[in-house]
Amino acid sequence: MPLIVISDSSPIRALHHLGLLSLCHELYGTVIIPRTVQVELRRSTTTCPALEIADYPHFQIHVAQAHPLSLGIPTDLDAGETEAIAIAIELHADLLLMDERKGTDSARHLGLPTIGVLGVLLEAKRQSRIAQVMPLVDRLVFDLKFFVSAALRQKIAQLAGE
């Protein structure tokens, strides 16, 4: 039975920047992207160009059906995080790709399993789909201003065996 995986914008932008967007399909098959995340990705940021995710195979655009409040989703999340969590609840997702702390904490509180881009990179290395994790982490930090604390960096290096 295929996995049901939903993604917020941050992991998609990060993997796209690294040229590793194909890892989503390699690791998870089809990944569901909320409509609001698709719209977010169409806008460039100071560090990332605009991206039309519908142009990439193995991504499916989906719209949440239920109102987020009725699902117990906090009101202080951004629209992409909110819809990603709503879809994950509605579809009984196996995994939610999300990096932002507040969204991740909210999703976990609602019983959803989450993984961020660093976890995706670790899994890709474990499956021998990439050779090293730390150079990629360094690129995210340097190029995208992705926050990785010293303690987290050390833990990722240890888990990656690098």
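**Note on the salt bridges**

1. A search of the whole structure finds eight salt bridges, a salt bridge being a side-chain nitrogen of Lys or Arg within 4 Å of a carboxyl oxygen of Asp or Glu. The structure is a predicted model, in which local features need pLDDT of at least 70 and side-chain atom pairs count only at pLDDT 80 or more, while totals for chains, interfaces and linings use all residues. Residues are numbered from 1 along each chain as its sequence is written, and side-chain values use heavy atoms, with hydrogens and water left out.

2. One of these pairs is Asp76 with Lys102, whose closest N and O atoms are 3.5 Å apart. Asp76 lies in the loop between strand 3 (59–62) and helix 4 (79–91), and Lys102 in helix 5 (residues 101–109), so the salt bridge ties together parts that are 26 residues apart in sequence; helices (H or I, at least four residues) and strands (E, at least two) are DSSP runs, numbered from the N terminus. Asp76, at 47% relative accessibility, is partly exposed, and Lys102 is also partly exposed, at 46% (buried means under 20% relative accessible area, exposed over 50%, and partly exposed in between, with a 1.4 Å probe and protein chains only).

3. Arg126 and Glu123 form a salt bridge with an N to O distance of 2.6 Å. Both belong to helix 6 (residues 117–126), where they are three residues apart and thus separated by about one helical turn. Arg126 counts as exposed, with 60% relative accessibility.

4. Lys125 and Glu162 meet in a salt bridge at 2.9 Å, N to O. This pair links distant parts of the chain, since Lys125 is in helix 6 and Glu162 is in the segment after helix 8 (150–160), 37 residues apart. Lys125 is partly exposed at 21%, and Glu162 is partly exposed at 34%.
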